[in-house]
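Here are a few exercises to try with the structure open in your viewer. Have a go at each task before reading the solution.

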Amino acid sequence: MVLGVALTAGGVVLPSAGQADAVVPPASTATTFSIVTGALSISAPAAANLGGAPSGSTHLSALLGDVQVIDARAGDAGSWIATVSSTSFVTGGGGAADIIPSSDVTYDPGEAVQITGTGTFTAGPPGTLGSAITAFSATSEVGSTSVEWNPQITIAIPPAAVAGVYTGTITHSVA
């Protein structure tokens, strides 16, 4: 009766036929990673030309351009509110007939044109910009999200307004 013979070749011991394979323990690696938080940001067109209105017009209305909020804070059940305000619009020397007050500027955020991520995104009601109003808000956000809208701006033109190029600033912020 032969029980198993090991042969050596060049200093290596070879198992003989019938010898059980050796059990090799597994190698484990404890592994971690991080998802880092980003920022809450808002962007809007750097400049917009709303066009022109003929003398005697009562209003001028046009789209401002895309406004976007990106929430890369990667939170659970996050929220934010975007607000909008305006300066008065001025032409010429700044006399009474050269100024259209911010209270004559109406902002309508409309509907979201692009949404990414999970959450509830709500447009604020249209309103005049005599003081800051809510443009858009988000609640119950999970992870990173973004929303984009293109607001309608309507300028009520006072009857005494003089001809000229009127300049003002519409400002969006988010917190």
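Buried means under 20% relative accessible area, exposed means over 50%, and partly exposed is anything in between, with a 1.4 Å probe and protein chains only. Strands (E, at least two residues) and helices (H or I, at least four) are DSSP runs, numbered from the N terminus. This is a predicted model, where local features need pLDDT of at least 70, side-chain atom pairs count only at pLDDT 80 or more, and totals for chains, interfaces and linings use all residues. Residues are numbered from 1 along each chain as its sequence is written, and side-chain values use heavy atoms, leaving out hydrogens and water.

**Exercise 1.** Work out which side chains of strand β8 are buried.

*Solution.* Start with the range: β8 covers residues 105-108. Next, follow the alternation: V105 and Y107 point to one face and are buried. T106 and D108 point to the other face and are not buried.

**Exercise 2.** Find the strands that pair with β8, then the bridge partners of T106.

*Solution.* Two strands pair if DSSP finds at least two bridges between them. Take β12 (residues 152-156): it runs antiparallel to β8, with four bridges joining them. There, T106 has T154 as its bridge partner. Now β10 (residues 127-128): two bridges link it to β8, again antiparallel. In β10, T106 is matched with T128.

**Exercise 3.** Zoom out: how many helices and strands does the protein have?

*Solution.* Count the runs: zero helices and 13 strands. Then check burial: 25% of the 175 residues are buried. Finally, take contacts (heavy atoms within 4.5 Å): of those between residues at least 6 apart in sequence, 73% join residues at least 24 apart.
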